[in-house]
Amino acid sequence: MRALHPRHVLHRPLGPEAHADCPESGQCPVSALSHHGCQQAVLLQTAALLGVLLLGFGYFWLLVPNTEARLQQLGLFCSVFTISMYLSPLADLAKVIQTKSTQRLSFSLTIATLLASASWTLYGFRLRDPYIMVPNLPGILTSFIRLWLFWKYPQAQDRNYQLLQT
């Protein structure tokens, strides 16, 4: 019962030291905190983006009194975020070309991105609204680039997970 006490669970050694008193097990436990540094970096990035959004909200609602100017600046602000969202997969594209493998890309997400960005672009054309139309054009472009990569480097079927025959 001593091992289940919260103080012993929180301060239990990790890695080979965890089984120093139990050499017959021969296995090391998987550390629940092994990705702590990575999780901390993601948490900091998320907090920074949340801070940018809160600063943007404060700027638009507190410092820009004119409603028309507020909408114009808010449209530009949202356009920049949308463009950065569509351009973010470009970092993975370099790895795909290096490894000549599209395993890190999702085909269904590529199709969904193409359909969504094309729909929003057509809607922006219909309304003649550049704040809808322009930010979605990179989504179409990056989707076509990813589709070309799927054509050039077809995904090899994973031998460990064969499709079930129905």
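**Salt bridge, aromatic pairs and annotated spans in a predicted model**

Arg104 and Asp92 form a salt bridge in which the closest N and O atoms are 3.8 Å apart. Arg104 belongs to the loop between α4 and α5, whereas Asp92 belongs to helix α4, so the pair ties together parts that are 12 residues apart in sequence. The structure, which is a predicted model, holds one salt bridge. The C-alpha atoms of Arg104 and Asp92 are separated by 7.6 Å. Contacts of Arg104, not counting residues up to four places away in sequence, are made with Asp92, Lys95 and Val96. Both partners of the salt bridge are partly exposed: the relative accessible area is 45% for Arg104 and 32% for Asp92. Both values fall between the limits of 20% and 50% that bound the partly exposed class, so neither Arg104 nor Asp92 counts as buried or as exposed.

The loop between α4 (90–99) and α5 also contains Lys100. The phi angle of Lys100 is near 55 degrees, a positive value in a residue other than glycine. Lys100 is exposed, with a relative accessible area of 58%. A positive phi of about 55 degrees is likewise found at Arg128, which is not a glycine. Arg128 is located in the loop between α5 and α6 (130–152). With a relative accessible area of 72%, Arg128 is exposed.

Helix α5 comprises residues 107–127 and includes Thr121. Thr121 has a relative accessibility of 4% and counts as buried, because the buried class takes in values under 20%. When residues up to four places away in sequence are not counted, Thr121 touches Met133, Asn136, Leu137 and Ile140. These contact residues have numbers that fall within the range of α6, 130–152.

Aromatic side chains were examined next. The count comes to three aromatic pairs. In one of them, the ring centres of Phe77 and Phe81 are 5.1 Å apart and the ring planes stand at 65 degrees, so the pair is edge-to-face. Phe77 and Phe81 are four residues apart in helix α3 (residues 67–87), a separation of about one helical turn. Phe77 is partly exposed at a relative accessible area of 23%, and Phe81 is partly exposed at 30% relative accessibility. An edge-to-face pair is also formed by Trp120 and Tyr123, with 5.7 Å from centre to centre and 80 degrees between the planes. The assignment follows because planes over 60 degrees apart count as edge-to-face. Trp120 and Tyr123 both lie in helix α5, where three residues, about one turn of the helix, separate their positions. The relative accessible area of Trp120 is 45%, which makes this residue partly exposed. Tyr123 also counts as partly exposed, at 43% relative accessibility.

On the surface, Phe57, Tyr59, Trp61, Leu62 and Leu63 make a nonpolar patch of about 620 Å². One of these residues, Trp61, is placed in helix α2 (residues 36–63). Trp61 has a relative accessibility of 46% and counts as partly exposed. This value is compatible with membership of the patch, because patch residues have over 30% relative accessible area.

An unreviewed UniProt entry places the feature "transmembrane region" at residues 41–62, 105–125 and 131–151. In the model, residues 41–62 are 100% helix and 0% strand, and the end C-alpha atoms of this span lie 31 Å apart. For residues 131–151 the chain is likewise 100% helix and 0% strand, with 32 Å between the end C-alpha atoms. According to the same record, the feature at 105–125 covers the position of Thr121, a residue of helix α5.

Definitions and conventions. Residues numbered from 1 in each chain as written. Predicted model: local features only at pLDDT ≥ 70, side-chain atom pairs only at ≥ 80, totals over all residues. Heavy atoms only, no water. Helix = DSSP H or I, 4+ residues; strand = E, 2+ residues; numbered from the N terminus. Buried < 20%, exposed > 50% of the residue type's maximum accessible area, 1.4 Å probe, protein only. Contact = heavy atoms within 4.5 Å. Patch = residues over 30% accessible without salt bridge, like charges linked within 9 Å, V, L, I, M, F, W, Y side chains within 5 Å. Areas by Shrake-Rupley, 256 points an atom, 1.4 Å probe, with all protein chains shown as cover. Salt bridge = Lys/Arg side-chain N within 4 Å of Asp/Glu carboxyl O. UniProt positions renumbered as here; feature names shortened; annotations may be inferred. Phe/Tyr/Trp six-rings, centres within 6.5 Å; stacked < 30°, edge-to-face > 60°.
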